[in-house]
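User: Please go through this model with me, one site at a time. I would like short answers that show the reasoning.

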Amino acid sequence: MHARVLVIEDDPASLELLKYLLEAAGHVVRVARDGLAGLQAALEDEHELILCDLQLPHLSGFEIIARLRENAYRSTVPVIAVTAFSMPGDRDAALAAGFAEYLTKPIDPETFVESINRFLASGLLAGSS
Ligand code: MN
């Protein structure tokens, strides 16, 4: 499936890589380079998936997920956390905060698109919208 994906990431190299891989796989990608712009984009438009860095200027990934989860129209959009700073327990904390999945940088181009597509397909099969 071709999904509308929002990528919220302040690291230019990571942003370019994610955008490139997702577009090459046929997805429609919107980008935001800080937390505030990311939250605005997430609230403005419907996306099938959001990829969100955790360390962002203005608003962190945790602040973004909290605001989306309490929003009447955006409470169910799946958001995958993407982070470079992974400590034991971080994954559990992210999932507890409402992230649907947790990916660590550096992104592996070989497996990234496959895992995103599998994630999107499983969401459809589960009937979540
Ligand atoms: Mn960052």
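The questions and answers below take up a metal site, an aromatic pair and several single residues.

User: Is this an experimental or a predicted model, and which residues donate to the manganese ion?
Analyst: The model is predicted. The protein donors lie 2.0 to 2.1 Å from the manganese ion. In sequence they are spaced D-x42-D-x1-Q. The donors are Asp10 (OD), Asp53 (OD) and Gln55 (O).

User: How many residues apart in sequence are the parts that Asp10 and Asp53 tie together?
Analyst: Asp10 and Asp53 are both protein donors of the manganese ion. Asp10 lies in the loop between strand S1 (4–8) and helix H1 (12–24), whereas Asp53 is in strand S3 (residues 49–53), so the pair ties together parts separated in sequence by 43 residues.

User: Asp53 is a donor of the manganese ion; is Asp53 buried or exposed?
Analyst: Buried requires a relative accessible area under 20%. The relative accessibility of Asp53 is 3%. Asp10, another donor, has 34% and is partly exposed. Asp53, at 3%, therefore counts as buried.

User: Which side chain makes a polar contact with the side chain of Gln55?
Analyst: Gln55 is found in the loop between S3 and H3 and is partly exposed at a relative accessible area of 39%. Leaving aside neighbours within four places in sequence, Gln55 is in contact with Asp10, Thr83 and Phe85. The polar contact, at 3.2 Å, is with the side chain of Thr83.

User: What separates the C-alpha atoms of Gln55 and Asp10?
Analyst: Along the chain, Gln55 and Asp10 are 45 residues apart. The two residues are nevertheless in contact. Their C-alpha atoms are separated by 8.2 Å.

User: A search of the whole structure finds one aromatic pair; what is the geometry of the rings of Phe62 and Phe99?
Analyst: A pair of aromatic rings is described by the distance of the centres and the angle of the planes. For Phe62 and Phe99 the centres are 5.8 Å apart and the planes stand at 85°. Plane angles over 60 degrees count as edge-to-face. The planes are at 85°, so this pair is edge-to-face.

User: How far apart in sequence are the parts tied together by Phe62 and Phe99?
Analyst: Phe62 is partly exposed at 35% relative accessibility, while Phe99 is buried at 3%. Phe62 belongs to helix H3, and Phe99 to the loop between helix H4 (90–97) and strand S5 (101–104), so the parts tied together are apart in sequence by 37 residues.

User: Why has Arg74 no salt bridge, and what is the nearest side chain of opposite charge?
Analyst: Arg74 is in the loop between helix H3 (61–69) and strand S4 (79–83), and it is buried. A salt bridge needs a side-chain nitrogen of Lys or Arg within 4 Å of a carboxyl oxygen of Asp or Glu. The nearest side chain of opposite charge is 4.8 Å away, so none is formed by that cut-off. That side chain belongs to Glu46.

User: Which residue has its backbone oxygen 3.4 Å from a polar atom of the side chain of Arg74?
Analyst: Not counting residues up to four places away in sequence, Arg74 touches Ala42, Leu43, Glu44, Asp45, Glu46, Leu68 and Arg69. The backbone oxygen that lies 3.4 Å from a polar atom of the Arg74 side chain is that of Asp45.

User: Which side chain makes a polar contact with that of Arg4?
Analyst: Arg4 is found in strand S1 and counts as partly exposed at 36% relative accessibility. Beyond four places in sequence, Arg4 is in contact with Val28, Glu46, His47, Glu48 and Leu49. The polar contact of 2.5 Å is with the side chain of Glu48.

User: Which side chain is joined to that of Ser14 by a polar contact?
Analyst: Ser14 is found in helix H1 and is buried, with 16% relative accessibility. Leaving aside neighbours within four places in sequence, Ser14 is in contact with Glu9 and Lys105. The polar contact, at 2.7 Å, is with the side chain of Asp11.

User: What is the phi of His58?
Analyst: His58 is found in the loop between S3 and H3. The residue is exposed, with a relative accessible area of 63%. Although His58 is not a glycine, its phi is positive, at about 75°.

User: What is omega for the peptide bond that joins Lys105 and Pro106?
Analyst: Pro106 is in the loop between S5 and helix H5 (109–125). The bond joining Lys105 and Pro106 is cis, with omega about 0°.

Methods. Residues are numbered from 1 along each chain as its sequence is written. This is a predicted model: local features need pLDDT of at least 70, side-chain atom pairs count only at pLDDT 80 or more; totals for chains, interfaces and linings use all residues. Side-chain values use heavy atoms; hydrogens and water are left out. Helices (H or I, at least four residues) and strands (E, at least two) are DSSP runs, numbered from the N terminus. Buried means under 20% relative accessible area, exposed over 50%, partly exposed in between (1.4 Å probe, protein chains only). Lys and Arg count as positive and Asp and Glu as negative; His and the chain ends are not counted. A polar contact is a pair of N or O atoms within 3.5 Å; within protein, one must be able to donate a hydrogen and the other to accept it, and residues adjacent in sequence count only if both atoms are side-chain atoms. Contact means heavy atoms within 4.5 Å. Rings of Phe, Tyr and Trp (its six-membered ring) pair if their centres lie within 6.5 Å; planes under 30 degrees apart count as stacked, over 60 as edge-to-face and the rest as tilted. Donors are N, O and S atoms within 2.8 Å of the metal (3.2 Å for Na, K and Ca); water is not among the atoms, so sites may look incomplete.
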